[in-house]
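Hi everyone, thanks for coming. Have the sequence and the model up in front of you, and I'll talk you through a few charged pairs and a helix.

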Amino acid sequence: MTAETITKSDVADISADQQKKNRIQVSNTKKPLFFYVNLAKRYIQQHNEVELSALGMAITTVVTVSEILKNNGFATEKKVLTSTVGMKDENKGRLVQKARIEIVLGKTDKFDSLMSASEKTSPEANGKKEESKK
């Protein structure tokens with residue numbers, strides 16, 4: 001693609017693709033809370049920021065994950081978006097409004113040192129050290 005042929009919609013598509021690489025869509029039924037905390041840490045490590053997204057009852061999980069990361073010094077809050085989306089209710093067969101949240105978190109200055117410290121003290125790391133001694 002040459003510079004002359006790039007349109008505004010192309011730029012929107014490119015930026016949407018880049019955002020999807022670091023987006024986590026959270027469900028409150030599929031995975032435990034710390035699965036999302038650890039996944040968000042990995043995304044921040046790779047992309048310098050992560051976008052947490054949820055609908056309805058899963059919003060509390062996103063807010064909790066965000067607060068854990070912020071309170072432990074791993075992330076800073078960059079942006080919070082709330083909205084409602086119309087979804088078809090399978091039971092009633094009509095359109096229902098669901099709450100939606102998107103929280104964008106960025107990497108803190110002390111993120112890397114915190115990650116290396118947590119890797120040294122994690123049970124998995126300790127287990128690997130003991131195995132190597134044998």
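Let me start with a word I'll use a lot: buried means under 20% relative accessible area, exposed means over 50%, and partly exposed is in between, with a 1.4 Å probe and protein chains only. A bit of housekeeping too: this is a predicted model, where local features need pLDDT of at least 70, side-chain atom pairs count only at pLDDT 80 or more, and totals for chains, interfaces and linings use all residues. Residues are numbered from 1 along each chain as its sequence is written, and side-chain values use heavy atoms, with hydrogens and water left out.

Okay, helix α3, residues 59-71. Helices here are DSSP runs of H or I with at least four residues, strands are runs of E with at least two, and both are numbered from the N terminus. α3 has 13 residues and reaches 18 Å from its first C-alpha to its last, close to the 18 Å expected at 1.5 Å a residue; that expected span is 1.5 Å times one less than the number of residues.

Which residues of α3 are buried? They are Ile59, Thr61, Val62, Val65, Ser66, Ile68 and Leu69. What covers them includes α2 (33-47), β2, β3 (75-88) and β4 (95-107). After α3 comes Gly73, and its phi is positive, near 85 degrees.

Now the charged pairs. How many salt bridges does the structure hold? Six, where a salt bridge is a side-chain nitrogen of Lys or Arg within 4 Å of a carboxyl oxygen of Asp or Glu.

One of them sits in α3: Glu67 and Lys70 meet at 2.8 Å, N to O. These two are three residues apart in the helix, so about one helical turn separates them. Generally, an α-helix has 3.6 residues a turn, so residues three or four places apart point the same way. Glu67 is partly exposed at 32%, and Lys70 is partly exposed at 23%.

Next, Glu51 pairs with Arg23, with the closest N and O atoms 2.8 Å apart. Glu51 is in strand β2 (residues 49-55) and Arg23 in strand β1 (residues 23-25), so this bridge ties together parts 28 residues apart in sequence. Glu51 is buried at 5%, whereas Arg23 is partly exposed at 22%.

Last pair: Glu102 bridges to Arg100, closest N and O atoms 2.2 Å apart. Glu102 counts as buried at 13%, while Arg100 is partly exposed at 26%. And there's a network as well: salt bridges that share partners join Glu67, Lys70 and Glu77.

Note on methods: Contact = heavy atoms within 4.5 Å.
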